[in-house]
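I sat down with this one to look a few things up, and these are my notes. Pull up the viewer and follow along, if you like.

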Amino acid sequence: MKLYTNRLILRPWLESDAEDLFTYAKDPQIGPIAGWPPHTSVDNSREIIKNVLSADETYAVCLKSDDRAIGSIGLMIGEASNLNIPNNEGEIGYWIGVPFWGQGLIPEASKELIRYAFEELELDKLWCGYFDGNEKSKRVQEKCGFIYHHTNKDIHWKRMDDIRTEHITCMTRENSSGGSEE
(Lines give C-alpha, C1' and ligand atoms only; values in the text may rest on other atoms or scores of the structure.)
Protein backbone atom coordinates (compact mmCIF):
# COMPACT_ATOMS: atom_id res chain seq x y z
CA MET A 1 0.00 0.00 0.00
CA LYS A 2 1.25 3.44 -0.92
CA LEU A 3 -0.35 6.75 0.00
CA TYR A 4 0.34 10.02 -1.79
CA THR A 5 0.21 13.70 -0.87
CA ASN A 6 1.24 16.81 -2.81
CA ARG A 7 4.91 16.37 -1.89
CA LEU A 8 5.17 12.89 -0.38
CA ILE A 9 4.93 9.18 -0.91
CA LEU A 10 4.11 7.08 2.14
CA ARG A 11 5.24 3.54 1.35
CA PRO A 12 6.32 0.37 3.16
CA TRP A 13 9.86 0.34 4.50
CA LEU A 14 12.43 -1.67 2.52
CA GLU A 15 15.67 -3.13 3.83
CA SER A 16 17.37 -1.04 1.16
CA ASP A 17 16.23 2.07 3.12
CA ALA A 18 18.66 1.23 5.95
CA GLU A 19 21.32 3.78 4.97
CA ASP A 20 18.78 6.60 4.60
CA LEU A 21 17.13 5.59 7.87
CA PHE A 22 20.47 5.61 9.70
CA THR A 23 21.33 9.04 8.26
CA TYR A 24 18.39 10.60 10.12
CA ALA A 25 17.66 8.18 12.99
CA LYS A 26 21.18 8.42 14.42
CA ASP A 27 20.54 12.07 15.34
CA PRO A 28 20.01 12.40 19.12
CA GLN A 29 17.52 15.24 18.48
CA ILE A 30 14.99 12.76 17.07
CA GLY A 31 14.74 9.38 18.80
CA PRO A 32 14.99 10.22 22.49
CA ILE A 33 12.27 12.90 22.41
CA ALA A 34 10.07 10.45 20.47
CA GLY A 35 10.79 7.61 22.90
CA TRP A 36 13.49 5.51 21.21
CA PRO A 37 17.30 5.46 21.28
CA PRO A 38 19.30 6.86 18.36
CA HIS A 39 20.35 4.25 15.82
CA THR A 40 23.96 3.11 16.17
CA SER A 41 24.77 1.76 12.68
CA VAL A 42 23.31 0.95 9.27
CA ASP A 43 22.98 -2.66 10.47
CA ASN A 44 21.04 -1.44 13.52
CA SER A 45 18.73 0.51 11.21
CA ARG A 46 18.29 -2.55 8.97
CA GLU A 47 17.28 -4.65 12.01
CA ILE A 48 14.78 -1.97 13.05
CA ILE A 49 13.30 -2.02 9.54
CA LYS A 50 12.92 -5.80 9.77
CA ASN A 51 11.62 -5.96 13.36
CA VAL A 52 9.77 -2.68 13.95
CA LEU A 53 9.12 -0.69 10.79
CA SER A 54 7.84 -3.69 8.84
CA ALA A 55 4.68 -3.65 10.98
CA ASP A 56 1.34 -3.26 9.23
CA GLU A 57 0.39 0.35 8.46
CA THR A 58 3.94 1.66 9.05
CA TYR A 59 5.29 3.81 6.25
CA ALA A 60 8.52 5.43 5.14
CA VAL A 61 7.93 9.14 4.54
CA CYS A 62 9.57 9.90 1.18
CA LEU A 63 9.77 13.00 -0.98
CA LYS A 64 8.13 12.43 -4.37
CA SER A 65 11.23 13.90 -6.00
CA ASP A 66 13.51 10.98 -5.07
CA ASP A 67 11.48 8.36 -3.08
CA ARG A 68 14.16 8.26 -0.36
CA ALA A 69 13.09 7.72 3.26
CA ILE A 70 13.38 10.89 5.35
CA GLY A 71 11.09 9.91 8.22
CA SER A 72 8.45 7.47 9.36
CA ILE A 73 4.75 7.49 10.10
CA GLY A 74 2.60 4.68 11.35
CA LEU A 75 -0.85 3.73 12.48
CA MET A 76 -1.03 1.26 15.36
CA ILE A 77 -4.54 -0.20 15.45
CA GLY A 78 -6.09 -1.68 18.59
CA GLU A 79 -3.66 -4.00 20.38
CA ALA A 80 -0.72 -2.69 18.31
CA SER A 81 -0.99 0.61 20.26
CA ASN A 82 0.43 1.01 23.75
CA LEU A 83 -2.65 3.06 24.70
CA ASN A 84 -4.96 0.10 25.38
CA ILE A 85 -7.51 1.02 22.72
CA PRO A 86 -10.19 -1.09 20.99
CA ASN A 87 -9.74 -2.51 17.48
CA ASN A 88 -11.85 0.24 15.90
CA GLU A 89 -9.37 2.91 17.05
CA GLY A 90 -5.76 3.68 16.13
CA GLU A 91 -2.74 5.63 17.30
CA ILE A 92 -0.57 7.69 14.95
CA GLY A 93 3.18 8.02 15.53
CA TYR A 94 5.71 9.87 13.39
CA TRP A 95 9.14 11.46 13.10
CA ILE A 96 11.15 13.17 10.37
CA GLY A 97 14.83 13.92 9.85
CA VAL A 98 16.12 17.24 11.21
CA PRO A 99 16.92 18.73 7.75
CA PHE A 100 13.19 18.49 6.97
CA TRP A 101 11.87 20.14 10.14
CA GLY A 102 9.67 23.20 9.73
CA GLN A 103 8.48 22.39 6.20
CA GLY A 104 5.04 21.02 7.14
CA LEU A 105 5.86 17.55 5.82
CA ILE A 106 4.74 15.57 8.88
CA PRO A 107 1.40 17.43 9.14
CA GLU A 108 0.95 16.69 5.41
CA ALA A 109 1.73 13.00 5.92
CA SER A 110 -0.42 12.85 9.06
CA LYS A 111 -3.46 14.36 7.35
CA GLU A 112 -3.24 11.72 4.62
CA LEU A 113 -2.93 8.93 7.19
CA ILE A 114 -5.91 10.38 9.09
CA ARG A 115 -7.95 10.42 5.87
CA TYR A 116 -6.94 6.83 5.14
CA ALA A 117 -7.73 5.68 8.71
CA PHE A 118 -11.22 7.17 8.73
CA GLU A 119 -12.28 6.75 5.09
CA GLU A 120 -10.66 3.47 4.08
CA LEU A 121 -10.05 1.61 7.34
CA GLU A 122 -13.28 3.04 8.84
CA LEU A 123 -11.75 3.62 12.28
CA ASP A 124 -13.88 5.57 14.74
CA LYS A 125 -11.19 7.41 16.71
CA LEU A 126 -7.50 8.25 16.39
CA TRP A 127 -5.06 8.93 19.19
CA CYS A 128 -1.68 10.61 19.25
CA GLY A 129 0.75 11.51 21.99
CA TYR A 130 3.86 13.52 22.72
CA PHE A 131 6.28 13.65 25.60
CA ASP A 132 6.89 16.76 27.71
CA GLY A 133 9.23 19.06 25.83
CA ASN A 134 8.39 17.83 22.33
CA GLU A 135 6.79 21.05 21.14
CA LYS A 136 7.20 20.12 17.46
CA SER A 137 5.11 16.99 17.89
CA LYS A 138 2.53 18.92 19.90
CA ARG A 139 2.30 21.46 17.07
CA VAL A 140 1.83 18.73 14.43
CA GLN A 141 -1.09 17.37 16.44
CA GLU A 142 -2.66 20.82 16.76
CA LYS A 143 -2.27 21.46 13.01
CA CYS A 144 -3.98 18.15 12.26
CA GLY A 145 -6.94 18.79 14.55
CA PHE A 146 -6.13 16.49 17.48
CA ILE A 147 -7.67 17.66 20.77
CA TYR A 148 -6.03 17.28 24.19
CA HIS A 149 -7.47 14.31 26.09
CA HIS A 150 -5.30 13.56 29.14
CA THR A 151 -1.79 13.43 30.60
CA ASN A 152 0.05 10.40 31.95
CA LYS A 153 2.55 11.64 34.53
CA ASP A 154 5.67 9.82 35.66
CA ILE A 155 5.36 6.77 33.42
CA HIS A 156 8.25 4.37 33.00
CA TRP A 157 9.17 4.32 29.30
CA LYS A 158 10.77 0.94 28.67
CA ARG A 159 12.51 1.75 25.37
CA MET A 160 14.51 4.54 27.01
CA ASP A 161 14.39 3.16 30.59
CA ASP A 162 13.38 6.53 31.99
CA ILE A 163 10.44 8.33 33.59
CA ARG A 164 8.36 10.62 31.37
CA THR A 165 5.18 12.63 31.17
CA GLU A 166 3.09 11.86 28.10
CA HIS A 167 0.29 14.06 26.76
CA ILE A 168 -2.45 12.24 24.83
CA THR A 169 -4.63 13.81 22.14
CA CYS A 170 -7.41 12.35 20.02
CA MET A 171 -9.92 12.97 17.28
CA THR A 172 -13.06 11.22 16.17
CA ARG A 173 -14.14 10.64 12.61
CA GLU A 174 -16.74 13.40 13.09
CA ASN A 175 -14.19 16.07 14.11
CA SER A 176 -11.46 14.95 11.69
CA SER A 177 -12.00 17.77 9.21
CA GLY A 178 -10.69 20.33 11.71
CA GLY A 179 -7.14 21.52 12.16
CA SER A 180 -5.31 24.76 11.70
CA GLU A 181 -3.54 25.67 8.47
CA GLU A 182 -1.11 28.05 10.19
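In which loop is Glu122 found? I looked there first and found Glu122 in the loop between α4 (105-120) and β6. Helices here are DSSP runs of H or I with at least four residues, strands are E runs of at least two, and both are numbered from the N terminus.

**Ground rules.** I am working with a predicted model, in which local features need pLDDT of at least 70 and side-chain atom pairs count only at pLDDT 80 or more, while totals for chains, interfaces and linings use all residues. Residues are numbered from 1 along each chain as its sequence is written, and side-chain values use heavy atoms, with hydrogens and water left out.

**Backbone angles.** I came back to Glu122 for its phi, which is positive at about 60 degrees although the residue is not a glycine. Most residues other than glycine have a negative phi. Glu122 is also exposed, with a relative accessible area of 55%. My cut-offs are under 20% relative accessible area for buried, over 50% for exposed and partly exposed in between, with a 1.4 Å probe and protein chains only. I then noted Asp154, another non-glycine with a positive phi, about 50 degrees. Asp154 lies in strand β7 and is exposed at 61% relative accessible area.

**The whole chain.** I listed 5 helices and 8 strands. Read from the N terminus, the order is β-β-α-α-α-β-β-β-α-β-α-β-β. For the size, I set the radius of gyration of 15 Å beside the value near 16 Å for a compact globule of 182 residues, and the two agree. That radius is taken over C-alpha atoms, and the globule rule is 2.2 Å times the number of residues to the power 0.38. Along the principal axes, the C-alpha atoms fill a box of roughly 40 × 40 × 30 Å.

I also wrote down that buried residues make up 45% of the 182. The accessible surface comes to about 9,400 Å², with 49% of it belonging to carbon and sulfur atoms; the areas come from the Shrake-Rupley method with a 1.4 Å probe, and for residues only the protein chains shown count as cover. Of the contacts between residues at least 6 apart in sequence, 61% join residues at least 24 apart. A contact means heavy atoms within 4.5 Å.

**Helix α1.** Why do I call helix α1 largely enclosed by the rest of the structure? Because 6 of the 8 residues of α1 (residues 18-25) are buried. I checked which ones: Ala18, Asp20, Leu21, Phe22, Tyr24 and Ala25. Their cover includes α3 (42-53), β4 (69-77) and β5 (89-96).

**Thr58.** My next stop was Thr58 in strand β3 (residues 58-63). Thr58 is buried at 12% relative accessible area. Leaving aside neighbours within four places in sequence, I found Thr58 in contact with Arg11, Pro12, Trp13, Leu53, Ser72, Ile73 and Gly74.

**Cysteines.** How many disulfides are there? I counted 0, using cysteine sulfur atoms within 2.5 Å as the rule. The sulfur of Cys144 has its closest cysteine sulfur in Cys128, 7.9 Å away and so too far for a bond. For Cys170 the closest cysteine sulfur is also in Cys128, at 10 Å, again too far. Cys144 is buried at 3% relative accessible area, and Cys170 counts as buried at 10%.

**Pairs across the chain.** Tyr148 sits in strand β7 (residues 147-157). Not counting residues up to four places away in sequence, Tyr148 touches His167, Ile168 and Thr169. From Tyr148 to Met171 I have 23 residues in sequence and 9.0 Å in space, C-alpha to C-alpha.

Gly133 is in the loop between β6 (125-131) and α5 (135-144), and counts as exposed at 53%. Gly133 and Glu166 are 33 residues apart in sequence, with 9.7 Å between their C-alpha atoms.

Last in this group is Lys143, in helix α5 and partly exposed at 22%. Its C-alpha is separated by 9.4 Å from that of Gly104, 39 residues away along the chain.

**Charges.** To finish, I looked up the mean positions of the 20 positive and 30 negative charges, which are 4 Å apart. Lys and Arg count as positive and Asp and Glu as negative, without His or the chain ends; the charge is placed at NZ of Lys, CZ of Arg, CG of Asp or CD of Glu.
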